[in-house]
Amino acid sequence: MRILMIALLGGLLPAGVLFAQSPDVPASDATANQITGDLKDGRKVAGVCRTCHGLDGKARIPIAPHIGGETVDYLMAQLHAFKSGEREHEMMTVVARGLSDDQIRDVATWFNHFDVVTTLPAGKTEDDAPELCVGCHGVNGISDLPDAPNLAGETNIYIETQIKAFRTGKRENDTMTPIAKDMTDAEMQQASDWYSQIDIKITDPSGK
């Protein structure tokens, strides 16, 4: 495949320089300067999200993504997309439409403030990472781009479902749609396997 990216939750993602962050570097270091909302208020809103995503942003069900440590800009963009109808989901559309713009900013700030540390699978090295994905999503599944999602620790079923949605037109994006249609089943499986096998640890830097 020509383009080095797989963007699973939306956003127009240009191919970038290969991201070689260490597997054990907290993700929040690169995003702390984006915090704009109120953590206390964000935690309150996050109570609505905890059943699927966990209060710390570590998903509790296999079809929900981990959102702890994601950038504020990315999380806000996805919630606004659900709120406006640009993206549709039986649960998320209802939740997003019930949030004010301030609440969206605050809950994005809450989930962003967590530290995420990743560990590659035993016996694997950075050289084993899928070449198609690392430009945007990193060798260890932690994105170096504010509008590209982290993929570390996501389940195979979640990753494959999103790629297939772009391939079939259930989801549309000027960048991702042609990329997904150009992917082979083997490339899809390679990406899903790699990122799903990465272990993640999400912690609150405040120690609470």
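**Questions about a helical fold**

Biologist: Which helices are included in what covers the buried residues of H3?
Modeller: Happy to start there, with the reminder that this is a predicted model. The buried residues of H3 are Val72, Tyr74, Leu75, Gln78, Leu79, Ala81 and Phe82. Their cover includes H4 and H5.

Biologist: How far does H3 reach from its first C-alpha to its last?
Modeller: H3 is built from 13 residues, and Gly85, just after H3, takes a positive phi of about 95 degrees. At 1.5 Å a residue, the expected figure is 18 Å, and the helix comes close to that with a reach of 18 Å.

Biologist: Which residue forms a salt bridge with Lys83?
Modeller: Lys83 is partly exposed, with 27% relative accessibility. Its partner is also classed as partly exposed, at 47% relative accessibility. Lys83 lies in helix H3 and the partner in helix H5, so the pair ties together parts that are 18 residues apart in sequence. The closest N and O atoms are 3.6 Å apart, and the partner is Asp101.

Biologist: Nice link! How many salt bridges does a search of the whole structure find?
Modeller: One of them joins Arg60 to Asp56, where the closest N and O atoms are 3.4 Å apart. Another brings the side chains of Arg105 and Asp106 together at 3.3 Å, N to O. Searching the whole structure gives a total of 5.

Biologist: Is Asp106 buried or exposed?
Modeller: Asp106 belongs to a salt-bridge network that also links Asp102 and Arg105. Within that network, Arg105 is partly exposed, with a relative accessible area of 26%. The cut-off for burial is under 20%. Asp106 has a relative accessible area of 5%, so it counts as buried.

Biologist: Which residues have the most contacts inside the largest nonpolar core?
Modeller: In soluble globular proteins, nonpolar side chains tend to be buried together. Here the largest such core holds 44 residues. Helices H1, H3, H4, H5, H7, H8 and H9 and strand E2 each give two or more residues to this core. Those with the most contacts inside it are Val107, Phe111, Trp194 and Tyr195.

Biologist: Which residues does Trp194 touch, not counting those up to four places away in sequence?
Modeller: Trp194 is one of the residues with the most contacts inside the largest core. Leaving out its sequence neighbours up to four places away, Trp194 touches Leu120, Lys124, Thr125, Asp128, Ala129, Pro130 and Val139.

Biologist: How far apart in space are Thr118 and Ile200, C-alpha to C-alpha?
Modeller: Thr118 sits in strand E1, which covers residues 115-119. Thr118 is buried, with a relative accessible area of 0%. In sequence, Thr118 and Ile200 are 82 residues apart, yet from C-alpha to C-alpha the separation in space is 4.5 Å.

Biologist: And the surface: how much accessible area do Ile61, Ile63 and Ile157 have together?
Modeller: Ile157 is placed in helix H7, residues 156-168. Ile157 is partly exposed, with a relative accessible area of 46%. Ile61, Ile63 and Ile157 form a nonpolar surface patch, and their combined accessible area is about 270 Å².

Biologist: Last one: what share of the residues of the protein chain count as buried?
Modeller: The chain folds into 9 helices and 2 strands. Residues 24 or more positions apart make up 75% of its contacts with a separation of 6 or more. The chain exposes about 10,100 Å², of which carbon and sulfur atoms supply 52%. Of its 208 residues, the share that counts as buried is 50%.

Technical notes:
Residues numbered from 1 in each chain as written. Predicted model: local features only at pLDDT ≥ 70, side-chain atom pairs only at ≥ 80, totals over all residues. Heavy atoms only, no water. Patch = residues over 30% accessible without salt bridge, like charges linked within 9 Å, V, L, I, M, F, W, Y side chains within 5 Å. Areas by Shrake-Rupley, 256 points an atom, 1.4 Å probe, with all protein chains shown as cover. Salt bridge = Lys/Arg side-chain N within 4 Å of Asp/Glu carboxyl O. Helix = DSSP H or I, 4+ residues; strand = E, 2+ residues; numbered from the N terminus. Buried < 20%, exposed > 50% of the residue type's maximum accessible area, 1.4 Å probe, protein only. Core = buried A, V, L, I, M, F, W, Y, C linked by side-chain atoms within 4.5 Å. Contact = heavy atoms within 4.5 Å. Expected span 1.5 Å × (residues − 1).
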